Amino acid sequence: MSTFRGDRGRPGRVSVQEAAVRTGHGSADGDDGAVLLDVREPYEWQAGHAPRAVHLSLSALAAGVGLPAQAQARPLVVICRSGNRSRQAAELLVARGSDAVDVIGGMRDWAEAGLPVVDSRGQNGTVA
């Protein structure tokens, strides 16, 4: 059983601090190779996202669009604005055989924790 999964094969949930460590946004020695997958809509992504995150909206994922190449065959830490869509996305991904957890509190908590947020131009971003 994956260390990313919760009870009964359901996706686990992690804090933004744990998400940062798992995806290398925390301390340099904490990266375990996971990809931060942002499942918000394009306008939200463009306004602000975590550096090095990968984008695939929940609507695209639900429609059957496959994971971007850099997210394939890697553990996934799924994030949205508040944690609702990421929970749904993580459940879809686990059902499809991926190792995935969702981030409690989403990008709102990420930004409040002082973790980096950039816009589509790489400048300081905001959570939309």
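## Strand β4 and its surroundings

In this predicted model, three bridges join strand β4 to strand β5, which covers residues 100-103, and the two strands run parallel. Within this pairing, Leu 76 of β4 has Ala 100 of β5 as its bridge partner. Between the two strands the chain passes through helix α4, made up of residues 84-95, and the resulting β-α-β crossover is right-handed.

Strand β4 also pairs with strand β2, which spans residues 35-38; four bridges join β2 to β4, and these strands likewise run parallel. Here Asp 38 stands opposite Ile 79 of β4.

In a regular strand, side chains alternate between the two faces of the sheet. Strand β4 consists of residues 76-79, and both of its faces are covered, with Leu 76 and Val 78 buried on one side and Val 77 and Ile 79 buried on the other.

The loop between α4 and β5 contains Ser 98. Is this serine buried or exposed? Ser 98 counts as buried because its relative accessible area of 15% falls under the 20% cut-off. In space, the C-alpha atom of Ser 98 is 7.6 Å from that of Leu 76, although the two residues are 22 apart along the chain.

Another serine, Ser 59, belongs to helix α3, which comprises residues 58-62. Ser 59 is partly exposed, because its relative accessibility of 42% lies between the limits of 20% and 50%. The side chain of Ser 59 takes part in polar contacts with the side chains of Glu 41 and Ser 57. The C-alpha atoms of Ser 59 and Arg 40, residues that are 19 apart in sequence, are separated by 8.7 Å.

The table gathers distances for the two serines.

| Pair | Kind of distance | Value |
|---|---|---|
| Ser 98 and Leu 76 | C-alpha to C-alpha | 7.6 Å |
| Ser 59 and Arg 40 | C-alpha to C-alpha | 8.7 Å |
| Ser 59 and Glu 41 | side-chain polar contact | 3.2 Å |
| Ser 59 and Ser 57 | side-chain polar contact | 3.1 Å |

Turning to the whole protein, its secondary structure comprises five helices and five strands, and from the N terminus on these elements follow the order β-α-β-α-β-α-β-α-β-α. The protein has 128 residues, of which 48% count as buried, and its accessible surface comes to about 6200 Å², with 47% of that surface belonging to carbon and sulfur atoms. Among contacts between residues at least 6 apart in sequence, 62% join residues that are at least 24 apart.

Notes
Residues numbered from 1 in each chain as written. Predicted model: local features only at pLDDT ≥ 70, side-chain atom pairs only at ≥ 80, totals over all residues. Heavy atoms only, no water. Buried < 20%, exposed > 50% of the residue type's maximum accessible area, 1.4 Å probe, protein only. Pairing = 2+ DSSP bridges. Right-handed = clockwise from strand over helix to strand, strands pointing away. Contact = heavy atoms within 4.5 Å. Areas by Shrake-Rupley, 256 points an atom, 1.4 Å probe, with all protein chains shown as cover. Polar contact = N/O pair within 3.5 Å; in protein donor to acceptor, adjacent residues only side chain to side chain.
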